[in-house]
Amino acid sequence: MEKKIDEKKLLNEAKEARKNAYVPFSGFTVGAALLTKDGKVFRGCNIESSVMSPSLCAERVALSKAISEGEKEFLAIAISGAPSGEDATEPCYPCGVCRQVLSEHVDLNTFRIIVEENVNPSICTLADLLPNAFIFEK
């Protein structure tokens, strides 16, 4: 039985996470809220670096926090992003790196990506965003 996901509540968690973003270079804040199978929520925000490559996306921050706390099963992630001081109204999807990292820890076909579009939740699966994902056979 699939657990019910409260998309609006998870988006609100992502919006709260955006408030902690460190974005002195782009000015574009992103927050993510990752929902575990057990109902726990792990927040993440983007953290920029002046040399860019060590910058961290909100999605990977949330995933790292969850995994470092022993979590291994995830249902969904909500993402909210917009320029500093603005409300998110357009979708903010995960970048390619985040899509790949997520694909190594979730079920591509059932894991939900929740973004905001015109103040309403918009939902897709990771498989929708990452067709033909690279899967390393262990």
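How many bridges join E1 to E2, and do the two strands run parallel or antiparallel? In this predicted model, five bridges join the two strands, which run antiparallel. E1 and E2 form a hairpin in which four residues lie between the strands, and glycine 39, placed in the turn, has a positive phi of about 90 degrees. Across this pairing, leucine 34 stands opposite phenylalanine 42 of E2. Strand E1 is also joined to E3, here by nine bridges and again in an antiparallel arrangement, with threonine 29 having alanine 82 of E3 as its bridge partner. E1 is mostly covered, since eight of its nine residues are buried.

The covered character of E1 is accompanied by a contribution to the largest nonpolar core, which comprises 23 residues and in which Leu34, Phe74, Ile77, Ile79, Phe111, Ile113 and Leu126 touch the most other members. At least two residues of this core are supplied by each of strand E1 (28-36), helix H2 (58-68), strand E3 (74-83), strand E4 (112-117) and helix H4 (126-129), and H2 gives the most, with four residues. In soluble globular proteins, nonpolar side chains tend to be buried together. The surroundings of phenylalanine 74 illustrate how separate parts of the sequence meet: when neighbours within four places in sequence are left aside, phenylalanine 74 is in contact with Leu34, Leu35, Thr36, Lys37, Leu63, Ala66, Ile67, His105, Val106 and Phe111. A second, separate core has ten residues, including Ala14, Leu75, Ala78 and Ile114.

Charged side chains provide further links between parts of the chain, and the count of salt bridges comes to five. Side chains of opposite charge can pair when their charged atoms come close. Glutamate 13 forms a salt bridge with arginine 43, the closest N and O atoms being 2.7 Å apart; this pair links distant parts of the chain, because glutamate 13 belongs to helix H1 (residues 7-18) and arginine 43 to strand E2 (residues 41-45), 30 residues apart. Both partners are partly exposed, glutamate 13 with a relative accessible area of 21% and arginine 43 with one of 33%.

Helix H1 takes part in another such pair, in which the side chains of lysine 15 and glutamate 116 meet at an N to O distance of 3.1 Å. As lysine 15 lies in H1 and glutamate 116 in strand E4, this salt bridge ties together parts that are 101 residues apart in sequence. The partners have unlike exposure, lysine 15 being partly exposed at 30% relative accessibility, whereas glutamate 116, at 4%, counts as buried. A salt bridge between loops is formed by lysine 40 and glutamate 71, with the closest N and O atoms 2.8 Å apart. Lysine 40 is located in the loop between E1 and E2 and glutamate 71 in the loop between H2 and E3, so that parts 31 residues apart in sequence are tied together. Here lysine 40 is partly exposed at 42% relative accessibility, while glutamate 71 is buried at 9%.

On the surface, Tyr22, Ile47 and Leu56 form a nonpolar patch, and their accessible area together is about 270 Å². Isoleucine 47 of this patch is placed in the loop between E2 and H2 and is partly exposed, with a relative accessible area of 34%.

Technical notes. Residues numbered from 1 in each chain as written. Predicted model: local features only at pLDDT ≥ 70, side-chain atom pairs only at ≥ 80, totals over all residues. Heavy atoms only, no water. Core = buried A, V, L, I, M, F, W, Y, C linked by side-chain atoms within 4.5 Å. Buried < 20%, exposed > 50% of the residue type's maximum accessible area, 1.4 Å probe, protein only. Contact = heavy atoms within 4.5 Å. Salt bridge = Lys/Arg side-chain N within 4 Å of Asp/Glu carboxyl O. Patch = residues over 30% accessible without salt bridge, like charges linked within 9 Å, V, L, I, M, F, W, Y side chains within 5 Å. Areas by Shrake-Rupley, 256 points an atom, 1.4 Å probe, with all protein chains shown as cover. Pairing = 2+ DSSP bridges.
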